[in-house]
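This briefing covers one helix and the largest pocket. Please look over the sequence and the structure before reading on.

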Amino acid sequence: MMDSVMLRENDLELIDALQLNPRASWAEVGAVLGLDPVTAARRWKRLVDDRLAWCTVALGRRQLHTMSVAFLELTCEAGAANEVAEELARQPHMITVQHIAGSYDLWTIAIAPDLAGLSEYLLSQLPRQPGITRVRTHIATRAFDLSMRWRLRVLNAAQAGRLRPAPNRHAVTRPMDEIDRRLFVALSTDGRRSFAELEAELGLSARTVQRRINRLVAVGDITFRCDLARRLAGWHDSAVLWLAMPDDHLESTGEQLLSWPETRTCAAVAGPNNLLLTVGLHNVADLHELVTRLRHEFPHATIVDRQMVLRQVKLYGRVLDQVGRWSSTTPLDLWALGTDDPRPPP
């Protein structure tokens with residue numbers, strides 16, 4: 001398939017439906033799209049078989065706020081960037097890897113359950129990886145979103161309202177345990193895996209699996225996401241922007257940026273450039289209009305740097321080809337860098 005081939009309108013509608021509710025039944029999806037469940041399931045299978053779209057699990061907002069997140073800028077030896085990117089993409093705690101244009105060769109997102117585990121990786125493990133000559137680390141102090149709420153926005157408001165899952169306000173909040181984490185890793189390869197499949201893999205009853213997933217979603221420990229080969233939907237480019245602003249504007253600015261259709265990742269970071277923003281673009285020229293809009297709507301912010309993404313290598317557990325189709329899956333274990341620190345969380 002060539003890059004010039006675009007996804008069809010009915011494909012985009014189906015993907016948008018699953019971005020709203022990635023584990024919706026085919027009866028629910030079909031009712032909104034005017035399809036019978038068998039047709040909806042068949043169309044999704046074709047997209048998955050062609051590696052054009054996929055569903056996976058992600059950290060929910062509550063759990064994300066307990067984790068340590070680092071944005072890494074890496075410089076590589078001449079000619080080594082591809083090999084370094086491929087190795088980083090195989091690491092289960094690395095959710096994003098991409099080549100960027102600018103002072104650094106690669107830009108990545110690493111997640112650990114605590115700062116001690118993340119520090120051990122950054123200070124002891126990463127420097128020993130061949131091909132890396134320099135690493136600049138930015139620690140997130142508040143992750144507003146890590147490309148989990150972005151959607152195509154093809155469906156109208158009425159259709160979207162019918163698909164959004166109803167909140168469960170009676171779920172019991174507790175720390176994620178080892179079984180929850182194993183469930184997360186299993187779902188990272190396919191967010192639509194059936195309860196029966198998970199039962200066989202995890203040694204739990206299907207009812208127990210269902211109960212755990214429902215509770216984890218309800219309390220905000222996990223969520224689900226649906227993504228696609230974005231270039232084939234008209235989102236050909238992306239960029240990383242670094243902004244500086246007074247700290248008392250960070251929260252409101254980050255929350256407002258979440259409503260922008262271009263926003264992918266948005267986070268407050270420790271350092272003078274204290275807001276990170278990654279954006280999707282229909283083409284490179286759109287960056288100038290977006291920067292102008294940023295300056296107009298957020299006059300308190302200074303855009304310190306901007307870097308175009310040359311190629312996305314990994315996106316939340318999926319290794320991508322040059323068009324953006326997924327080529328392989330790396331199970332995500334975001335607790336792999338844990339230190340088993342007995343101290344209770346703050």
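Which residue just after α3 takes a positive phi? Arginine 51 does, with a phi of about 60°. The model is a predicted one. The points below deal with α3 and then with the largest pocket.

**Helix α3: length and ends**
- Helix α3 runs over residues 37-49. Its 13 residues should span 18 Å at 1.5 Å a residue, and the end C-alpha atoms are 18 Å apart, so the expected span and the model agree.
- At the start of α3, the backbone nitrogen of valine 38 has a side-chain oxygen of aspartate 36 within 3.0 Å.

**Helix α3: two sides**
- Thr39, Ala40, Trp44 and Leu47 are the buried residues named in α3. Because the buried residues fall within an arc of 130° when seen down the helix axis, they line one face of α3.
- Val38, Arg42 and Lys45, on the other side of α3, are exposed.
- The cover over the buried residues of α3 includes two helices, α1 (9-20) and α2 (26-33), and two strands, β1 (53-59) and β6 (222-228).

**The largest pocket**
- The volume of the largest pocket is about 1,400 Å³.
- The pocket is lined by 47 residues, and those closest to its centre are Leu20, Pro22, Pro165, Val217 and Thr223.
- Elements that give two or more residues to this lining are α1, α2, α4 (61-64), β5 (132-146), α7 (157-163), α10 (206-219) and β6.
- The most comes from β6, which gives six residues to the lining. β6 is also among the elements that cover the buried residues of α3.

Notes: Residues numbered from 1 in each chain as written. Predicted model: local features only at pLDDT ≥ 70, side-chain atom pairs only at ≥ 80, totals over all residues. Heavy atoms only, no water. Helix = DSSP H or I, 4+ residues; strand = E, 2+ residues; numbered from the N terminus. Expected span 1.5 Å × (residues − 1). Buried < 20%, exposed > 50% of the residue type's maximum accessible area, 1.4 Å probe, protein only. Arc of directions from axis to C-beta. Contact = heavy atoms within 4.5 Å. Polar contact = N/O pair within 3.5 Å; in protein donor to acceptor, adjacent residues only side chain to side chain. 1 Å grid on protein atoms, 1.4 Å probe; cavity = no way out; pocket = protein on both sides within 12 Å on 5 of 7 lines; lining within 4 Å. Points joined across faces, edges and corners; volume = space filled by probe spheres on them.
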